[in-house]
Amino acid sequence: MARSFMDLIWDYAVFVVFIIFSTLVPLWGRFFGRKEKTKADYVFGLGTISMGAMMLSIARGTLGVRSFLGYPSELFYRGSAMWETLYGMVAAYPFVCFIFIPVYFNLGVTSVYQYLDLRFNSRLVRCLASGTYIVRSLLNLGVTVYTPTVALNTVIGIPYWASLIGISAISIVFNLLGGLKAAITADVIQGVTMIMISLGIIIQSMVSVGGFDKIFTIPAENGRLSFLNFTGDFTVRVDTTSAWLGQLFMSLSIFGCQQNFVQRYLSMGTFREVRRTLMSNIPVVIVLFCLAWIVGMGVYSVYAVCDPMKAGYITKMDEILPFFVEDKFAYLPGVLGIFMASLFNGALSLNVSNLNSLATVTWEDFLSHLPRFKGIGDKQQLNVIKFVGSIYGVIVMGVGFSVGLLSGVIESSMLMTSATSGPLLGVFLLAMLVPIANWKGAACGMIVSHIITLWITFGSLTVSKEVVLLPTTVEGCTNGTFSSGITKPTKSWLLANTPLEVESEFPYFDSSAANSAANDLGFPQNIYSISYMYYSLIGTFLTVVIGTVVSLLTRHEDDAYDQKLLHPIAYYCSKIFPGKERRYVSNPDIHPKEERKASSKKAPTEQLERDNLGFDTVSEQPGVTVVVTIDPVPVPSLPAHGHEVYRKRDCDSAY
């Protein structure tokens, strides 16, 4: 702690009050409003979530709590190169909106990985994808819940184990009492708080340096603002090309193939609402993303001639923003408490929403297929999902403790996130856009892609890379630079051995100083030296190419699937290509969202007839032939269109 306990008494009080407030408000409806009675209530919120809340929640999930601390320190010590990841992030939204959502929205699935099972009729592919998501999320959440604990420990003296237990305990309570709606409400509170704090920091910076324009001119004069840098070198930590392409593929994997995001899309009532929300969210993400970087510019402009880390007041790059708040807002009791509470609540809200998604995926993709859980009621399913979410909360806490005690866990977990994005995105692109793709190709593509990307990932840890920071100075330090009461901290053994280095949303090594050495390396060291900004692109390319080739070599008439599982554009293109006409099968397990709403208004007899006939609109589409899987069943009530309708084989019997 840089100040005494009594100096921070108001900050402690505000911290506790804010945590209580941000915990009770999202759960208010659990006690006094409409309660979650079914699994659909818990998972999707049943359309009770406003568009504005959904937009802010998606934006918060996009940026995460690490960006709040990481981007300002990234600009201070590394410059603006990572700012250009915004290009790829923004470019991903239209792709998700017009490629992924049209397929998901009309299937009536609860788990996004359930789509892969329907498309490939393969539990193996589904489990590979969902297992990848679960492992990646647990590692990421361990880092997420640990990120604010060092700041809390360093600034206001809360032991990191106490923060971890507090975040995990409140997350479990949220998981048991709330649902998606409670998680989104927590996201909204957190998002609004961070926006207000960021604006306050920018205003304080402007006052300290004597003008808003200096927030931009001082960083520019000192080499912190440099854009459109095309190096053409794949070993450079980040340039414009790698920032755009790398972030594009990683964002497509996160926004389009990750349960916690897709779960939010499917909670909306219509596809038009989803499209409007996603496209309207682009300016929101741009503003929030740039706001964190402008905060960094403001902090740098204040400390441009006196770097607190070089002067010995902080020991980690990511401590620069908490130090600024402690230093420059010392005259306003409670501001530091709100700031630290927002970090705590940021980790909490992300943990809550991801626990909800992890539990849903585990139930839908693994537990629901076990004989023990076959045929249980909706209420029992909800109880199992909540129990699984609580177990994951404990596991995430354990991962967080490991991050605090074991060296290199943060770097390894972030590398794992980057390495697993490509195979996950690739298998979904195969399913939606490659008509010939089958389960053999999808499984081979994912497995081989995982092996190669993980080989490169762990191989990169064996290559020595110099971490290069931009120059800073302490020449302007005086007795009045920092507020009274700020002293150089004494480090405990725990903090001295804590490996936290947030730096940015994706903390890449800087290899710019070692580029010439990397170019002289032989195989496989030259492969290991590739910036892992490209790992998601490499993984996606390998999955799609290998999956397509294997599918061509192993194609069989039993690979037929319902054409609704293919993107409409891919389906149309497959019909105009020359060659043998592809055969499709009507799948009665697909229940489009809009169709379910309309069918619920029909009379029981009419509904029963529709259930018996399946999706008769498939047979009415020109050029679509269904595959014979068992003896044909005549359906005399359907109009004759020159096609036969056959009953699809029981999917479960294939397993």
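Is D327 buried or exposed? Keep that in mind as you load the chain; the tour comes back to this residue at its salt bridge with K328. One reminder before you start clicking: this is a predicted model.

**The whole chain**

Begin with a cartoon view of everything. The chain has 26 helices and two strands. Switch on the surface next: the accessible area comes to about 26200 Å², and 66% of that belongs to carbon and sulfur atoms. Of the 655 residues, 58% are buried. If you draw a contact map, look away from the diagonal: among contacts with a separation of 6 or more, 85% are between residues 24 or more positions apart.

**Stop one: D327 and K328**

Select D327 and K328 and show their side chains. They meet in a salt bridge, with 3.6 Å from N to O. Here is the reply to the opening question: D327 has a relative accessibility of 3%, so this residue counts as buried. K328 is buried as well, at 16%.

**Stop two: a charged network**

Now select D117, R126 and D365, which are joined into one network by salt bridges that share partners. R126 forms one bridge with D117, where the closest N and O atoms are 3.0 Å apart. The other bridge runs between D365 and R126, at 2.6 Å from N to O. Colour the helices here: D365 is in helix α15 and R126 in helix α7 (residues 123-156), so this pair ties together parts that are 239 residues apart in sequence. How exposed is this site? D365 has a relative accessible area of 0% and is buried; R126, at 3%, is buried too, and D117 is also buried. In the whole model, the salt bridges number four.

**Stop three: along helix α15**

Stay with helix α15 (residues 335-365) and select L358. Its relative accessible area is 0%, so L358 is buried. Which residues does L358 touch, apart from neighbours within four places in sequence? Expand the selection and you should find Y133, I134, S137, L138, L141 and Y392. For a distance label, try the C-alpha atoms of L358 and V388: they are separated by 8.4 Å, and the two residues are 30 positions apart along the chain.

Move on to S368, in the loop between α15 and α16 (378-405). With a relative accessible area of 17%, S368 is buried; the cut-off for that class is under 20%. Not counting residues up to four places away in sequence, S368 touches W363 and K374.

**Stop four: the disulfide**

Select C306 and C477. Their sulfur atoms are 1.8 Å apart and form a disulfide, and the count of disulfides in the model is one. Put a dihedral on the S-S bond: the torsion is about 100°, so the disulfide is right-handed. C306 sits in the loop between α13 (271-303) and α14 (320-328), while C477 sits in the loop between α18 (439-460) and α19 (493-496), so the pair ties together parts 171 residues apart in sequence. The two ends have their own surroundings: C306 is buried at 1% relative accessibility, whereas C477 is partly exposed at 30%. While you have cysteines highlighted, look at C257, buried at 0%, and C290, buried at 18%.

**Stop five: aromatic rings**

Show the Phe, Tyr and Trp side chains. The whole structure holds 29 aromatic pairs. Take F76 and Y77: the ring centres are 4.6 Å apart and the planes are at 40°, so this pair is tilted. Both F76 and Y77 are buried. Then try Y115 and F428, whose ring centres are 6.2 Å apart with planes at 15°, so this pair is stacked. Y115 is in helix α6 (residues 114-120) and F428 in helix α17 (residues 409-433), so the pair ties together parts that are 313 residues apart in sequence. Y115 is buried at 0%, and F428 is buried at 0%. For a group view, select Y303, Y313, F323, F324, F329, Y331 and F482, which form one aromatic cluster.

**Last stop: a nonpolar patch**

Bring the surface back and select Y87, F227, L228, F230 and W244. They make a nonpolar surface patch of about 540 Å². Click on L228, in the loop between α10 (214-221) and α11 (240-257). This leucine has a relative accessible area of 57%, so L228 is exposed.

How values were computed:
Residues numbered from 1 in each chain as written. Predicted model: local features only at pLDDT ≥ 70, side-chain atom pairs only at ≥ 80, totals over all residues. Heavy atoms only, no water. Helix = DSSP H or I, 4+ residues; strand = E, 2+ residues; numbered from the N terminus. Buried < 20%, exposed > 50% of the residue type's maximum accessible area, 1.4 Å probe, protein only. Contact = heavy atoms within 4.5 Å. Areas by Shrake-Rupley, 256 points an atom, 1.4 Å probe, with all protein chains shown as cover. Patch = residues over 30% accessible without salt bridge, like charges linked within 9 Å, V, L, I, M, F, W, Y side chains within 5 Å. Disulfide = S-S within 2.5 Å. Phe/Tyr/Trp six-rings, centres within 6.5 Å; stacked < 30°, edge-to-face > 60°.
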